[in-house]
Amino acid sequence: MTKTTKRVSFFKDISLLITQLNNEGIEMMPFSFYRSKEEQMMRYKEGKSKTLHSKHCDWLAIDLVLVENDKLQWERNSKYERAGDLARTLGLTWGGDWKDLNDIYHFEFSLKGTTQPDFKTRPFL
């Protein structure tokens with residue numbers, strides 16, 4: 001699978017994730033998508049990342065924040081949990097499942113997401 005194919009698959013899955021969340025009355029907006037190597041190095045040095053090569057550097061990760069009553073909600077709650085559940089259904093990796101760095105905003109591409117052959121057959125469409 002090429003990087004381009006991975007990116008297209010990831011973009012489709014993130015679009016589905018955001019659409020389904022909106023259908024359930026959960027509004028999320030992106031706040032971090034692509035990261036340069038320099039920005040990733042800075043985040044690593046600050047302890048905000050555990051790796052020098054994040055999937056953000058390859059356009060294969062995105063950070064989404066919950067919006068409630070026109071305010072950004074940064075605390076973990078049931079809506080973030082729901083986003084994580086839907087992400088796993090799509091085969092994405094959710095940072096909220098990580099033990100060493102609990103990153104509830106982070107969603108990334110996983111090869112597990114490619115097991116469903118047709119974008120239109122995703123479970124909640």
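Me: Buried means having under 20% relative accessible area, and exposed means having over 50%. In this predicted model, why is D58 called buried?

Reply: The relative accessible area of D58 is 14%, which falls under the 20% limit, and D58 is therefore classed as buried.

Me: What makes the pairing of D58 with K3 a salt bridge?

Reply: The closest N and O atoms of D58 and K3 are 3.4 Å apart, and because a lysine nitrogen has to lie within 4 Å of a carboxyl oxygen of Asp or Glu, the pair qualifies as a salt bridge. The bridge links distant parts of the chain, since D58 sits in the loop between α2 (37–45) and β2 while K3 belongs to helix α1, 55 residues apart.

Me: Why is K3 placed in the class called partly exposed?

Reply: K3 has a relative accessible area of 47%, and because the class of partly exposed residues lies between the 20% and 50% limits, K3 is counted there.

Me: How do you know that R82 and E24 form a salt bridge, and which parts of the chain does the pair link?

Reply: The N to O distance between their side chains is 2.7 Å, which is within the 4 Å limit, so the criterion is met. R82 lies in helix α3 and E24 in the loop between α1 and β1, and the pair links these distant parts of the chain, 58 residues apart. R82, at 30% relative accessibility, and E24, at 32%, both come between the two limits, and they are therefore called partly exposed.

Me: How do you know that D63 and R35 are joined by a salt bridge, and why is each of them called buried?

Reply: The closest N and O atoms of D63 and R35 are 3.3 Å apart, a value within 4 Å, so the pair counts as a salt bridge. D63 lies in strand β2 and R35 in the loop between β1 and α2, so the bridge ties together parts that are 28 residues apart in sequence. The relative accessible area of D63 is 4%, and that of R35 is likewise 4%; both values are under 20%, and each residue is therefore buried. Elsewhere, salt bridges that share partners join D85, R88 and D97 into one network, and the structure holds nine salt bridges.

Me: How do you know that the end-to-end distance of α1 agrees with its number of residues?

Reply: Helix α1 (residues 3–23) has 21 residues, which at 1.5 Å a residue should span 30 Å, and because its end C-alpha atoms are 30 Å apart, the two values agree.

Me: What makes one side of α1 its buried side?

Reply: The buried residues of α1 are S9, F10, D13, I14, L16, L17, Q20 and L21. They cover an arc of only 160° around the axis, which puts them on the same side of α1. An α-helix has 3.6 residues a turn, so residues three or four places apart point the same way. The buried residues of α1 pack against β1 (27–32), β2 (61–68), α3 (78–89) and β5, whereas the face turned away from them carries the exposed residues T4 and N23.

Me: How do you know that the buried residues of α3 line one face of the helix?

Reply: In α3 the buried residues are Y80, A83, G84, L86 and A87. Seen down the axis of α3, these residues fall within an arc of 165°, so they line one face. They pack against α1, β1, β2, β3, β4 (93–94) and β5.

Me: What makes N77 a cap of α3?

Reply: A side-chain oxygen of N77 lies 2.9 Å from the backbone nitrogen of K79, at the N-terminal end of the helix, and because this distance is within the 3.5 Å limit for a polar contact, N77 is taken to cap that end.

Me: Why is D70 called exposed, and why is S110 called buried?

Reply: D70, in the loop between β2 and β3 (71–73), has a relative accessibility of 79%, which is over 50%, and a residue above that limit is therefore exposed. S110, in the segment after β5 (106–108), has a relative accessible area of 11%, which is under 20%, and S110 is therefore buried. Leaving aside its neighbours within four places in sequence, S110 is in contact with K55, G91 and T93.

Definitions and conventions:
Residues are numbered from 1 along each chain as its sequence is written. This is a predicted model: local features need pLDDT of at least 70, side-chain atom pairs count only at pLDDT 80 or more; totals for chains, interfaces and linings use all residues. Side-chain values use heavy atoms; hydrogens and water are left out. Helices (H or I, at least four residues) and strands (E, at least two) are DSSP runs, numbered from the N terminus. Buried means under 20% relative accessible area, exposed over 50%, partly exposed in between (1.4 Å probe, protein chains only). Contact means heavy atoms within 4.5 Å. The expected span of a helix is 1.5 Å times one less than its number of residues. The arc is that of the directions from the helix axis to the C-beta atoms. A polar contact is a pair of N or O atoms within 3.5 Å; within protein, one must be able to donate a hydrogen and the other to accept it, and residues adjacent in sequence count only if both atoms are side-chain atoms.
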